[in-house]
Amino acid sequence: MLLPQPEDLVYMQLALAEAQAAAAAGEVPVGAVIVCRDEIVAAAHNQRETLRDPTAHAEMIAITQAAESLGAWRLEGCTLYVTLEPCPMCAGAIVQSRASRVVYGATDPKAGAVESLYTLLADDRLNHRPDVQAGVLAEPCGAILTEFFRARRR
């Protein structure tokens, strides 16, 4: 794990804004932003309910947007900011996209595939291993999820 870079807080705040948009739409509040060479090339949030698509996680949508924006599927030189530790599906897509760096907020003890349940992004059997920075704005990233699920249980 690396030390956070100064811009990490700024971009994670933007990912949190995406998570808030997800919550407002009744979606699980996870947001993602992809930055490539100091330019935001994607911003997305969970849309599984809206699109009726089990793969419509924030990271998956952002990766697709970034590839379209850049005109290439390789996201080398790009950083993915996401409010929640990626699941196995999203971690696999991150490896396939060749994103250079992943920064996430809250850990996901039930489905996390970066450090919690699996360590897919560090698995040296895979052809690509992005740099990872965990825990950036972990408290607000976790709090929005906690409040969302607390409200749902009421």
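The following paragraphs lead through a predicted model, from its annotated domain to selected residues and the contacts around them.

The overall frame comes from a record. An unreviewed UniProt entry carries the annotation "domain: CMP/dCMP-type deaminase", which covers residues 6-115. Over residues 6-115 the chain is 41% helix and 24% strand, and the C-alpha atoms at the two ends of this stretch are 23 Å apart.

A suitable place to begin is helix α1, which spans residues 7-24. D8 belongs to this helix, and its relative accessible area is 0%. Because buried means under 20% relative accessible area, D8 counts as buried. The side chain of D8 reaches the backbone nitrogen of Q5 at a distance of 2.7 Å. Leaving aside residues up to four places away in sequence, D8 touches Y81, R101, V103, Q133 and V136.

One of these contacts deserves separate attention. R101 and D8 form a salt bridge, in which the closest N and O atoms are 2.7 Å apart. R101 lies in strand β4 and D8 in helix α1, so the pair ties together parts that are 93 residues apart in sequence. Both partners, R101 and D8, are buried.

Helix α1 also contains V10. Together with L14 and I40, V10 forms a nonpolar patch on the surface. The accessible area of V10, L14 and I40 together is about 240 Å². The helix geometry offers a general point here. An α-helix has 3.6 residues a turn, so residues three or four places apart point the same way.

The next stop is helix α3, which covers residues 58-70. E59 is found in this helix, and the unreviewed UniProt entry gives E59 the annotation "active site". Is E59 buried or exposed? With a relative accessible area of 4%, E59 is buried. Its contacts, not counting residues up to four places away in sequence, are A32, L80, V82, L84, P86 and C90.

C90, one of the residues touched by E59, leads on to helix α4, residues 88-97. Within α4, the residues C90, A91, A93, I94, V95 and S97 are buried. Against which elements do the buried residues of α4 pack? They pack against α3, against β3 (78-84) and against β4. Just after α4, R98 takes a positive phi of about 65°.

Beyond strand β4, which runs over 101-106, a loop leads to β5 at 131-133. G112 has its place in this loop and is buried, with a relative accessible area of 0%. G112 and P88 are 24 residues apart along the chain, and their C-alpha atoms are separated by 7.0 Å. With residues up to four places away in sequence set aside, G112 touches E85, P86, L117 and Y118. P86 is thus a contact of G112 and also appears among the contacts of E59.

The loop between β4 and β5 also holds L126. L126 has a relative accessible area of 32% and is partly exposed, whereas G112 is buried. L126 touches V95 and L120, again apart from residues up to four places away in sequence. V95 is among the buried residues of α4. A further spatial relation concerns Q96: L126 and Q96 are 30 residues apart in sequence, and their C-alpha atoms are 9.6 Å apart in space.

It remains to consider the salt bridges. How many does the structure hold? There are four salt bridges, including the pair of R101 and D8 described above. Another joins R125 to D123, the closest N and O atoms being 2.6 Å apart. The two partners have contrasting surroundings: R125 is exposed, with a relative accessible area of 72%, while D123 counts as buried at 15% relative accessibility.

A further salt bridge is formed by R154 and E147, with the closest N and O atoms 3.5 Å apart. R154 is exposed, at 68% relative accessible area, whereas E147, at 35% relative accessibility, counts as partly exposed. These residues belong to a wider arrangement, for E147, R150 and R154 are linked in a network of salt bridges.

Note on methods: Residues numbered from 1 in each chain as written. Predicted model: local features only at pLDDT ≥ 70, side-chain atom pairs only at ≥ 80, totals over all residues. Heavy atoms only, no water. UniProt positions renumbered as here; feature names shortened; annotations may be inferred. Helix = DSSP H or I, 4+ residues; strand = E, 2+ residues; numbered from the N terminus. Buried < 20%, exposed > 50% of the residue type's maximum accessible area, 1.4 Å probe, protein only. Polar contact = N/O pair within 3.5 Å; in protein donor to acceptor, adjacent residues only side chain to side chain. Contact = heavy atoms within 4.5 Å. Patch = residues over 30% accessible without salt bridge, like charges linked within 9 Å, V, L, I, M, F, W, Y side chains within 5 Å. Areas by Shrake-Rupley, 256 points an atom, 1.4 Å probe, with all protein chains shown as cover. Salt bridge = Lys/Arg side-chain N within 4 Å of Asp/Glu carboxyl O.
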